[in-house]
Amino acid sequence: MLTLHNTLTGHKDAFQPLDPQRVTLYVCGPTVYNYVHIGNARPVVVFDVLYRLLSRLYPKVVYARNITDIDDKIITACAETGEPMTALTERFTDAFREDMAALNTLQPDIVPKATDHIGEMTAMIETLIAKGHAYEADGHVLFAVESMPDYGKLSGRNLEDMRAGARVEVADYKRHPGDFVLWKPSSDDQPGWESPWGRGRPGWHIECSAMIHKHLGDVIDIHGGGQDLIFPHHENEIAQGCCAHGTEYVRYWMHNGYINIDGEKMSKSLGNFRLVRDLLEKFPGEVLRFALLSSHYRSPLNFSAELLEQAESSLDSLYYALLGRGETVHADPDFRLPEDHPVLTALLDDLNTSEAISALHAVAARLNKAALEEKPTLKAELQAAAQLLGLLEADPSAWFQDKKAGDDGLDNATIDGLVAERTQAKKDKNFARADEIRDQLKDAGIQLEDTREGTRWTRG
RNA sequence: GGCGCGGUGGCAGAGUGGUUAUGCAGCGGACUGCAACUCCGUAUACGCCGGUUCGAUUCCGACCCGCGCCUCCA
């Protein structure tokens, strides 16, 4: 049984899909005005694991993750670069797709773009106005939070507190300080679309509600995102979705914790972010993925070079188990991971990825110790279990040989030649020459290992 | 001010009312021509103070410290 921590209830709940034949998952995607940082990547990787898990448990999972390609930050970025909006957003959408692919995440089934859904958004806004949940004022359309009795239920706040705690100047056309924009007017130099309220553009929250409604339905099973989206974004989505369609909108809300740098939240506004793109220059994507999964998704994760180095060492040891001691082992193609496998049960417990990784190491240890005839099954077990986490999908020898190719200035053929020369030297008991070659390669970052089946080499 | 989260061994990081987390790094040993990999063994821990209990890192209360949201943000 799968249990998930639901922000709405505040504790772990048994997951019961509305329709077990069609589980629906929506995750908030990026606003494409910049390259994404590792904090943006965390929910993508976390919910990728959830997607893999759900796909094992249910016959059909529909996973959607949006692209926000209209937003004031985008307009600002365009003004700075002088680039047309679609050129800029397409550039960063492509970059996002590439970066996430490098982290070995699966493509969602649906990747809707906000600008393709302006019609759905205006239709939803009209519904909200018709039902008395929204009003037009000063060229804007605003959601009236007081029209919704349980507004604030996700983030645990009430309207009185919000009025008292308002830290920003409230626009005078708002009936209540908590009222939020559904549609706002665009000036002539800003991107905009014709609407019943004049030329304008959508507010931030409406796109997700409209796209969920169109692609997934009136009610979805799981909606995920970063903790900072709980308020106001997801609270307002609930308001829109519930009030427009008279449903509960989302049944399970899941939120991942932040990534910190030196104990402080990593964010674009603080300027202490690490771009995925830059990190990929130094570490394989799988190392970044492993680091992101090394702690529980709801805990803060302190990001550092040491974290990545430890992740790489740990991942190496798992790949070493697959690589073996020189013997040739083919994974058993008929192996199927049992329902009570420790890696699976760890993930079923609210995605306990650190425990799952621990269980992975236990399988690797058994594989390392196993008799040759037991290795095909254990190798298949390790790969099948790791697949749930999106790990260990590379060829083991390619993992070691290719991961830092180019750093040492040696191509694989040259290395193979030196290794062959050393093997001959060893045969001739010329250990001085053999060690000289090994030291030379070691200085270039290449380790040699003598196995029963011959010498093999690894980078990094 | 309102709401919420967390403080675990050198580092990362799970978990539990009594029994080894796990990984990385360290130390000792086996293997090896020497190494590497692997295996075996091993040290170091649960913020502080009370309470409940036969027994608490795990439950309860107070305190200290750190962090987050309340405003764009994964």
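This talk walks through a predicted model of a single protein chain, from its overall layout to a few charged side chains.

Good morning, colleagues. I shall begin with the chain as a whole. Chain A contains 16 helices and 15 strands. Along the principal axes, its C-alpha atoms fill a box of roughly 90 × 50 × 35 Å. Of the 460 residues in chain A, 53% are buried. If we take contacts between residues at least 6 apart in sequence, 75% of them join residues at least 24 apart.

The chain is divided into three parts: domain 1 covers 3-256, domain 2 covers 299-397, and domain 3 covers 405-459. Between the C-alpha centres of domain 1 and domain 3 there is a separation of 55 Å.

Two annotations from the UniProt record help with orientation. Both come from an unreviewed entry, and I present them as the record gives them. The first is a short sequence motif, the 'HIGH' region, placed by UniProt at residues 30-40. In the model, this span is 27% helix and 0% strand, and its end C-alpha atoms lie 7 Å apart. The second is a domain entry, "Cysteinyl-tRNA synthetase class Ia DALR", which UniProt lists for residues 342-400. That span is 75% helix and 0% strand, with 27 Å between its end C-alpha atoms.

Let us now turn to the charged pairs. Side chains of opposite charge can pair when their charged atoms come close. How many salt bridges does a search of the whole structure find? The search returns 26. I have chosen three of them for discussion.

The first joins Arg-289 to Asp-48, with the closest N and O atoms 2.7 Å apart. This pair links distant parts of the chain: Arg-289 belongs to helix α9 (residues 285-293) and Asp-48 to helix α1 (residues 38-57), and the two are 241 residues apart. Are these partners buried or exposed? Arg-289 counts as buried because its relative accessibility is 0%. Asp-48 is likewise buried, with a relative accessible area of 1%.

The second bridge is between the side chains of Lys-184 and Asp-72, at 3.0 Å from N to O. Lys-184 lies in strand β7 (residues 180-185) and Asp-72 in helix α2 (residues 72-81), so this bridge ties together parts that are 112 residues apart in sequence. Here the surroundings are more open to view: Lys-184 is partly exposed at 22% relative accessibility, and Asp-72 is partly exposed at 33%.

The third is a local pair. Asp-435 forms a salt bridge with Arg-438, the closest N and O atoms being 3.6 Å apart. Both residues sit in helix α16 (residues 431-443), and because they are three residues apart, about one helical turn separates them. Asp-435 is partly exposed, at 32% relative accessibility, and Arg-438 is partly exposed as well, at 34%. Returning to the wider picture, salt bridges that share partners join Asp-48, Arg-52, Arg-289 and Glu-393 into one network.

Next, a charged residue without such a partner. Glu-235 is found in helix α7 (residues 230-245). Which side chain of opposite charge is nearest to Glu-235, and how far away is it? It is Arg-157, at 5.4 Å; Glu-235 is buried yet has no salt bridge. The cut-off matters here: a salt bridge requires a side-chain nitrogen of Lys or Arg within 4 Å of a carboxyl oxygen of Asp or Glu. Glu-235 does have a polar contact, made by its side chain with the side chain of Ser-155 at 2.6 Å. Beyond its close neighbours in sequence, Glu-235 touches several residues, including Tyr-151, Lys-153, Ser-155 and Gly-156.

I close with two further buried residues. Lys-375 lies in helix α13 (residues 375-389). Lys-375 counts as buried because its relative accessible area is 7%. Among the residues that Lys-375 touches, leaving aside those up to four places away in sequence, are Glu-327, Val-329 and Leu-367.

Ala-359 lies in helix α12 (residues 353-369). With a relative accessible area of 14%, Ala-359 is also buried. Outside the residues up to four places away in sequence, Ala-359 touches Pro-342 and Val-343. From C-alpha to C-alpha, Ala-359 and Glu-207 are 40 Å apart in space, and they are 152 residues apart in sequence.

Thank you for your attention.

Conventions:
Residues are numbered from 1 along each chain as its sequence is written. Chains are lettered from A and ligands numbered from 1 in the order in which they are written. This is a predicted model: local features need pLDDT of at least 70, side-chain atom pairs count only at pLDDT 80 or more; totals for chains, interfaces and linings use all residues. Side-chain values use heavy atoms; hydrogens and water are left out. UniProt positions are given in the numbering used here, feature names are shortened, and annotations may be inferred rather than shown by experiment. Helices (H or I, at least four residues) and strands (E, at least two) are DSSP runs, numbered from the N terminus. Domain bounds come from an automatic or database domain assignment. Buried means under 20% relative accessible area, exposed over 50%, partly exposed in between (1.4 Å probe, protein chains only). Lys and Arg count as positive and Asp and Glu as negative; His and the chain ends are not counted. A polar contact is a pair of N or O atoms within 3.5 Å; within protein, one must be able to donate a hydrogen and the other to accept it, and residues adjacent in sequence count only if both atoms are side-chain atoms. Contact means heavy atoms within 4.5 Å.
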